[in-house]
Amino acid sequence: MHTPHIIGNYLTVLSPIEGAPAARVGLLAGDRIVKIDGRSAVGIKKVSEVTRRLKGPKGSRVRVFVQRKGQDDLLEFEIVRDRIEVPSVPYEFKVAPDIGYVKIDRFSTHTATELKAALERLKKERISKLLLDLRGNGGGYLEQAVTVADQFIEKDRLLVYTRGRRADSRENHYTQHNPVVSPDMPLMVLVNSASASASEIVAGAVQDYDRGLIVGHTTFGKGLVQKQFLLKNGGAVLLTIARYFTPSDRPIQRPFVQGRDAYVDAAHDDYDPNADPDSIAAKPVYYTQILHRKVYGSGGVTPDVALKRDTLNTSEKRLTWNHFFEFAHQYAAEITRHYPEFDTFFKQYQPDRRTLSAFRQFLRDQGVRFTDRDFKDSTDLIQREIRRHIAQIRWGRRAEGRVRISQDTEVTQALALFDQAEALLASRTYHYNRGRTHVPAPAAPRQGQIR
C-alpha cells in the first residue's frame with residue numbers, strides 16, 4: 001500500500017496510484033485513515049511507524065477505517081497488500097495543438113518501456129514537436145538512461161562512456177535501435193539544478209548530437225560511478241570507481257574539493273557558474289558532434305537557453321503544500337459539483353473572490369500570519385495552487401499534472417523557444433544532407449580530464 005502523508009494528526013491519502021491495492025478498494029484522495037487493524041492511527045508522527053503498520057508481505061491483508069468528507073460514519077476497507085509499481089513517467093499530454101509534453105520523474109527498471117508507450121500515445125495525437133521534462137529527476141539506472149536516449153538519437157551512436165583511473169577501464173554505451181521519435185521532430189529538454197546523473201546522461205547526449213535544445217538551468221553535476229562492497233560486519237562501503245563522460249568527452253561531475261555539504265549546497269544556490277563568463281573562462285571547452293557548438297565540462301550540463309527562475313516571495317514561502325491540500329479537500333466537492341468533467345474544469349475554472357476569501361479565513365484559522373498586502377501579492381500563486389490541488393483530489397495525478405504544467409512559467413517560456421529548436425534541427429539536417437554526418441569513433445578522454 002502506498003504510504004499516506006501525515007497532515008496534522010491524520011494519515012491522509014494524497015492521490016491513490018491507479019491500479020494499486022488502495023485504489024482498487026476505493027480509497028480516495030483526502031481520505032483520513034483513523035484506524036489500522038483496530039488500533040488508532042490518529043496522532044502518528046513518524047513515517048517509519050506508518051510504514052511498519054501499513055506495509056507487509058504480498059497477499060497479506062490490512063484493515064483500515066477511513067474518515068471521508070461528507071460521510072458521517074467511518075468507512076471500512078480491507079486491502080490485500082501487493083507490490084506497487086510507481087510510474088516513473090507519470091503523464092504525457094498535449095500542451096499546445098501540435099506540441100507533446102512528457103515527464104520523467106526518475107530512471108527506474110521500467111522507465112524506457114513507459115516512455116516508449118507514452119511517446120506512441122502522443123504520436124497518435126499527431127504532435128509535431130516534443131517537450132521532454134527532466135526537471136527534478138535525480139537519476140537512477142544507467143542502462144535506463146541509455147535506453148531512454150536511444151529513443152531520440154540515431155542508431156549506433158555513442159551515448160555515454162565511463163572510465164576509471166586505469167586506461168583499460170573504459171565502458172562504452174551505444175544506441176541500439178532506430179529512434180522512437182522521428183529525427184525530423186523538433187525536440188526540447190527541460191532541466192534544472194535537481195536534474196542529476198541519468199538525467200544528465202540523456203540531456204548531455206541530446207545536446208552533444210545537436211538533436212534538441214536544452215533549456216532551463218545548469219544540471220546538478222553528478223557523474224560518478226559507485227560500487228558497493230559488503231563488509232564482514234554487515235555494513236557496506238561505497239567506492240567511486242569511474243566517471244561519466246558525454247559523447248563529446250566532457251565530464252559531468254562538478255568539483256568535489258570542498259566536501260559533500262558544499263557540493264550539494266552549490267548545486268541549489270542562485271549562482272550558476274556555467275552562466276558566469278569568468279567561471280566559464282576557466283572551464284575546459286568541448287564541441288558538439290555535428291554542429292561543433294561550444295559546450296563546457298566539469299560542471300553539469302549547461303542549457304542552450306537559460307530560463308528565468310520562478311521564485312517565491314517571503315509570504316508565499318510560508319504557505320505550505322499542506323495548507324493548499326487541506327483547503328482544497330474541504331472545498332473540492334462543492335466546487336467540482338459545477339464541473340462534473342475534468343476538461344470543463346480545466347478550461348473554465350478559476351478561483352473567484354469568494355474562494356479567495358474562504359482561503360484567507362482558512363489561513364487565519366491555521367495561525368498563518370500575513371497582511372492584506374501579503375495576500376494580494378500572493379493571489380496568483382494561491383489561485384494556481386488551489387486549482388491544481390482540487391484537480392488532484394477530484395481527478396487524480398494526471399489531472400493535477402495537466403493543471404500544473406499549464407500554469408508552469410518555465411514551460412510557458414520553453415514553448416516560446418521552439419523556433420530555436422526548429423532552427424537547430426534544420427541546421428543539423430542540412431549538415432546531414434551535405435554528407436557531414438560522420439561521428440568519429442569513440443576515443444579515449446584527453447589527457448588530464450580525469451582528476
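Start by selecting helix α5: Ala198, Ser199, Glu200, Ile201, Val202, Ala203, Gly204, Ala205, Val206, Gln207 and Asp208 are buried there. Keep in mind as you click around that this is a predicted model. With 11 of its 11 residues buried, α5 is largely enclosed by the rest of the structure, so you may need to hide some of the surroundings to see it. Just past the helix, pick out aspartate 210, which follows α5 and has a positive phi, near 55 degrees.

**Into the core**

Stay on α5 and show the side chain of valine 202. Skipping neighbours within four places in sequence, Val202 is in contact with Phe107, Leu132, Leu134, Ala145, Val148 and Ala149. Select that set together with Val202 and you have a handy way into the largest nonpolar core.

That core has 44 residues, and the members that touch the most others are Val102, Leu130, Leu132, Phe152 and Val202. Colour the elements that each give two or more residues to this core: α3 (111-124), β9 (129-133), α4 (142-149), β10 (158-163), β12 (187-191), α5 (198-208) and β15 (236-245). Which of them gives the most? Our starting helix, α5, with 6 residues. As background, nonpolar side chains tend to be buried together in soluble globular proteins.

There is another core, lying apart from the one you have coloured; this one has 29 residues, among them Phe342, Phe346, Tyr349 and Phe362. Leave those four shown in another colour while we carry on.

**Across to α4**

Now go to alanine 145, in helix α4. Is this residue buried or exposed? Buried: at a relative accessible area of 0%, alanine 145 falls under the 20% cut-off. Leaving out residues up to four places away in sequence, Ala145 touches Phe107, Ala198, Ile201 and Val202. Three of the names to look for in α5 are therefore Ala198, Ile201 and Val202, each of them buried in that helix. If you want a distance to try in the viewer, go from alanine 145 to arginine 106: the two are 39 residues apart along the chain, and their C-alpha atoms are separated by 9.6 Å.

**The open sheet**

Switch to cartoon view and trace the strands. An open sheet is formed by 6 strands, in the order β7-β8-β9-β12-β13-β18, with mixed pairing. At the edges you will find β7 (92-96) and β18 (305-306), each pairing on one side only. Inside the sheet, zoom in on β9 and β12, which pair in the parallel sense over 4 bridges. To find a point of reference, select leucine 130; its bridge partner in β12 is leucine 187.

Next, follow the loop between β9 and α4, where glycine 138 is found. Glycine 138 has a relative accessible area of 48%, so it counts as partly exposed. Not counting residues up to four places away in sequence, this glycine touches Asp105, Ala194, Ala196 and Ser197. Glycine 223 makes a good second pick: it is 85 residues from glycine 138 in sequence and 12 Å away in space, C-alpha to C-alpha.

**β10 and its two partners**

Select β10 next. This strand is mostly covered, as 6 of its 6 residues are buried. Who pairs with β10? One partner is β11 (residues 171-174), antiparallel over 4 bridges; find leucine 158 and look for its bridge partner, tyrosine 174, in β11. Another partner is β15, also antiparallel, over 3 bridges. Here, arginine 163 stands opposite arginine 243 of β15.

**A helix stop: histidine 329**

Jump along the chain to helix α9 (residues 321-336), where histidine 329 lies. Histidine 329 has a relative accessible area of 17%, so it counts as buried. With neighbours within four places in sequence set aside, His329 is in contact with Ala29, Gly30, Asp31, Lys69 and Ile393.

**Last stop: the cavity**

How many cavities of 30 Å³ or more are there? The count comes to 1. The largest cavity has a volume of about 70 Å³. To frame it, select its lining: Ser315, Arg318, Leu319, Leu363, Val368, Arg369, Phe370, Asp374, Phe375, Ser378 and Ile382. Colour this lining by residue type and you should get 6 nonpolar, 2 polar and 3 charged.

Methods:
Residues are numbered from 1 along each chain as its sequence is written. This is a predicted model: local features need pLDDT of at least 70, side-chain atom pairs count only at pLDDT 80 or more; totals for chains, interfaces and linings use all residues. Side-chain values use heavy atoms; hydrogens and water are left out. A nonpolar core is a set of buried Ala, Val, Leu, Ile, Met, Phe, Trp, Tyr and Cys residues joined through side-chain atoms within 4.5 Å. Buried means under 20% relative accessible area, exposed over 50%, partly exposed in between (1.4 Å probe, protein chains only). Contact means heavy atoms within 4.5 Å. On a 1 Å grid over the protein atoms alone, a cavity is a set of points where a 1.4 Å probe fits but cannot get out, and a pocket is an open set with protein on both sides within 12 Å along at least five of seven lines; lining residues have an atom within 4 Å of a point. Grid points are joined across faces, edges and corners, and a volume is the space filled by probe spheres set on the points. Ala, Val, Leu, Ile, Met, Phe, Trp, Tyr, Cys and Pro count as nonpolar, Asp, Glu, Lys and Arg as charged, and the others, Gly among them, as polar. Two strands pair if DSSP finds at least two bridges between them.
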